[in-house]
Amino acid sequence: MQVFQEKLRAIDSGLTRFERLQTLQVNLGDRCNLSCIHCHHSASPTGTRIMGREVIDQVVRYLERHPGLTLDITGGCPELNPHFRHLVEATAGLAARRIIRSNLSIALEKGMEWLPDFYREQNLVVMASLPCYELENVEAQRGRGVYQASIEALTRLNQKGYGKDRELHLVYNPGGTAVAAARETLEQAYRQELRERFGISFNHLHCMNNVPLGRYRVSLEQTGAYQRYLAHLAERFNPDAAPGIMCRTLISIGWDGTLYNCDFNLAAGLPLRGIDGAPLRVAELAEAVRSGNPIRMAEHCFSCTAGHGSGCGGSASVRKETPTRKGSLACPPQ
Ligand code: SF4
Ligand code: SF4
């Protein structure tokens, strides 16, 4: 398989280097109420890697000194971090945009019902994962009961004005080893199905390819499909998606304060390193965000450029998409 960097350099050598910081992504840890089979962090209810208050306060201080960034809060299930409320309240007014990545079902857990009101009060953009609009496909990835909980959470978010005067985005990922279909086709199908069945509305659908790391990698290896999936991602390399890779404008902060080019590199254990070779930490963000810094890339990067492109920012950014066959199945069975 051709090395990912070489593919990018053949397009533009600048694509393998950091451009400028736009998004600070904070991974609050690997605890989650779910244990999805496609999870690149292997998150679960027993996750123990939880970002502490000290790292969170360093993030707050950085945002105080660097206004105008996007703060992207992720996990695991970020709402389960005991300092989640503190992070959100302390960063009010410090970022141009604050995104919470939610699995939706967390808002139905006992003691977490306050979440939709809190998102609204804090003016958070909700980026909610929903792998399909079909019950069977969602539950095959996420477990029994998750579909109904997700639909109920979306209904409550709509009642709070999300999808109307507050941004509500959905995130799709394929059930199997195919790469995501064209975003526009999927979005149309999601919009129609969710509206007709449940009266649910949302702003945009973002599409992510599954990243062969964590629990998803283990499941691929167990079925002997790992190498085949990597080859498939590489074969579907789309040069038009390459300029949109998020690592050119994003830095990810891991639960222990270590810095990464993205959340996938965090899952892969590929930290940013300083000139002394030691992993960079949150206090060293100034060094991490220097324009022209090389980006650490590996074979899992092919998931960001396969098909229509993919990433934490989703594929909703402007990218050339090849037309999809008319009548093709938008949310295919697993
Ligand atoms: S994919 Fe998301 S919701 Fe599922 S286990 Fe991982 S962090 Fe939790
Ligand atoms: S996996 Fe991370 S480092 Fe690799 S291309 Fe995607 S965003 Fe960039």
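I started with the cavities, and ligand 1 takes up the largest one. For my own record, a cavity is a set of points on a 1 Å grid over the protein atoms alone where a 1.4 Å probe fits but cannot get out. A molecule sits in one if more than half of its atoms lie within 2 Å of its grid points.

Ground rules before going on. This is a predicted model, where local features need pLDDT of at least 70 and side-chain atom pairs count only at pLDDT 80 or more, while totals for chains, interfaces and linings use all residues. Residues are numbered from 1 along each chain as its sequence is written, chains are lettered from A and ligands numbered from 1 in the order in which they are written, and side-chain values use heavy atoms, with hydrogens and water left out.

**Ligand 1.** I listed what surrounds it, counting a residue as near if one of its heavy atoms lies within 4 Å. Around ligand 1 I found Cys 32, Leu 34, Ser 35, Cys 36, His 38, Cys 39, Ala 43, Gly 76, Asn 103 and Arg 142. By class, that shell holds five nonpolar, four polar and one charged residues. Here Ala, Val, Leu, Ile, Met, Phe, Trp, Tyr, Cys and Pro count as nonpolar, Asp, Glu, Lys and Arg as charged, and the others, Gly among them, as polar.

I then followed Gly 76 out of this shell. The peptide bond leading into Gly 76 from Gly 75 is cis, with omega near 25°. Gly 76 is in the loop between strand S2 (70-74) and helix H3 (84-90); helices (H or I, at least four residues) and strands (E, at least two) are DSSP runs numbered from the N terminus.

**Helix H5.** Arg 142 took me to H5, residues 135-142, where Asn 137, Val 138, Glu 139, Gln 141 and Arg 142 are buried. Buried means under 20% relative accessible area, exposed over 50%, and partly exposed in between (1.4 Å probe, protein chains only). The buried residues of H5 pack against strand S4 (125-129) and helix H6 (146-159). After H5 comes Gly 143, with a positive phi near 105°.

**Ligand 2.** This one occupies the second largest cavity. I noted Phe 4, Ile 245, Met 246, Cys 247, Cys 262, Phe 264, Asn 265, Ile 295, Arg 296, His 300, Cys 301 and Cys 304 around ligand 2. The class split is nine nonpolar, two polar and one charged.

**Odd phi values.** Which residues other than glycine turned up with a positive phi? Leu 104 has phi near 70°, and Asn 123 has about 55°. Leu 104 is in the loop between strand S3 (97-102) and helix H4 (115-121), and counts as buried at 2% relative accessibility. Asn 123 lies in the loop between H4 and S4 and is partly exposed at 48%.

**Pro 294.** Buried or exposed? Pro 294 counts as exposed because its relative accessible area is 53%. I placed Pro 294 in the loop between helix H11 (285-288) and helix H12 (302-305). Leaving aside neighbours within four places in sequence, Pro 294 is in contact with Thr 16 and Arg 17 (contact means heavy atoms within 4.5 Å). Pro 294 and Leu 15 are 279 residues apart in sequence, yet 9.4 Å apart C-alpha to C-alpha.

**Gln 25.** Last, I looked at Gln 25 in strand S1 (residues 23-27), which is buried at 0% relative accessible area.

Conventions:
On a 1 Å grid over the protein atoms alone, a cavity is a set of points where a 1.4 Å probe fits but cannot get out, and a pocket is an open set with protein on both sides within 12 Å along at least five of seven lines; lining residues have an atom within 4 Å of a point.
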